[in-house]
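Hi,

Here is the structure I promised to pass on. Have a look at it first, and my notes on what turned up follow underneath.

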Amino acid sequence: QTEHGLSFDAAMGLSVGEFAALMATECFACDRDVIHAVHKRATAMHECCHSKQSDNDHLEQKMLAIMHDQNLTEHKLRELIDSISFDRDKYVLTVANYNSPRQTVLSGHKLPLDL
């Protein structure tokens with residue numbers, strides 16, 4: 001039971017929200033532990049996104065959150081991705097997450113996301 005009188009049978013979170021869920025269920029010994037874990041996660045993500053060799057700049061990756069009409073179906077979104085012209089043997093572009101009915105995150109190589 002927490003200091004606010006709440007008790008949990010389970011908790012979950014998405015992305016950094018997983019740490020909030022872990023905090024709520026007291027999986028960390030103290031606040032300092034979760035701050036350290038979030039910092040390590042952020043550092044690893046930053047290094048992953050910015051680690052590129054000069055010969056492979058075209059392979060840099062990124063994510064893009066797009067706002068759209070609530071009526072955009074998964075099928076229509078995939079049609080839109082398929083309509084973008086890029087070398088599919090060399091580059092990746094995919095749906096990473098459905099944040100809400102009006103926001104979807106795309107992930108992949110920088111080149112097709114910049115088109």
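E74 and R78 make a salt bridge, with their closest N and O atoms 3.4 Å apart. Both residues sit in helix α3, four residues apart, which is about one turn of the helix. Each is partly exposed: E74 has a relative accessible area of 44%, and R78 has 35%. Before you read on, keep in mind that this is a predicted model.

How many salt bridges does the structure hold? The count is three. Besides the α3 pair, D114 bridges to K62, and there the closest N and O atoms are 2.7 Å apart. That pair ties together distant parts of the chain, since D114 belongs to helix α4 (residues 110–114) and K62 to strand β1, 52 residues apart. D114 also meets K110 through their side chains, at 2.6 Å from N to O. Those two are four residues apart in helix α4, so about one helical turn separates them. Because these salt bridges share partners, K62, K110 and D114 end up in one network. The three members are partly exposed, with relative accessibility of 29% for K62, 30% for K110 and 40% for D114.

Now the sheet. It is open, has three strands in the order β1-β3-β2, and its pairing is antiparallel. Which strands stand at the edges? They are β1 (61–67) and β2 (93–100); each has a single partner strand, so one side of each is left without a neighbour in the sheet. On average, neighbouring strands here are turned by 25 degrees against each other, ignoring direction. As a reminder, strands of a sheet pair through backbone hydrogen bonds, either parallel or antiparallel. In this sheet β2 and β3 (residues 103–109) run antiparallel and are joined by six bridges. If you want a spot to check on screen, L93 stands opposite G108 in β3.

Helix α3 (residues 74–83), the one with the E74 and R78 pair, lies across β1, β2 and β3 and runs at about 145 degrees to β2.

Then there is the nonpolar core. The largest one has nine residues: I66, L77, I81, F86, Y91, L93, V95, L106 and L113. At least two of them come from α3, and at least two from β2. That fits a familiar pattern: in soluble globular proteins, nonpolar side chains tend to be buried together. I81 is a handy residue to click on here. Leaving aside neighbours within four places in sequence, I81 is in contact with F86, R88, L93, T94, V95 and L106.

One last residue, T104. Is T104 buried or exposed? With a relative accessible area of 2%, T104 is buried, and its place is in strand β3. The T104 side chain has a polar contact of 2.8 Å with the side chain of H68. Setting aside neighbours within four places in sequence, T104 is in contact with L64, A65, I66, H68, L77, V95, N97 and Y98. Among those contacts, I66, L77 and V95 also appear in the list of core residues.

Cheers

Definitions and conventions: Residues numbered from 1 in each chain as written. Predicted model: local features only at pLDDT ≥ 70, side-chain atom pairs only at ≥ 80, totals over all residues. Heavy atoms only, no water. Pairing = 2+ DSSP bridges. Axes fitted to C-alpha atoms, helices over the stretch in contact; angles between N-to-C directions. Contact = heavy atoms within 4.5 Å. Salt bridge = Lys/Arg side-chain N within 4 Å of Asp/Glu carboxyl O. Buried < 20%, exposed > 50% of the residue type's maximum accessible area, 1.4 Å probe, protein only. Core = buried A, V, L, I, M, F, W, Y, C linked by side-chain atoms within 4.5 Å. Polar contact = N/O pair within 3.5 Å; in protein donor to acceptor, adjacent residues only side chain to side chain.
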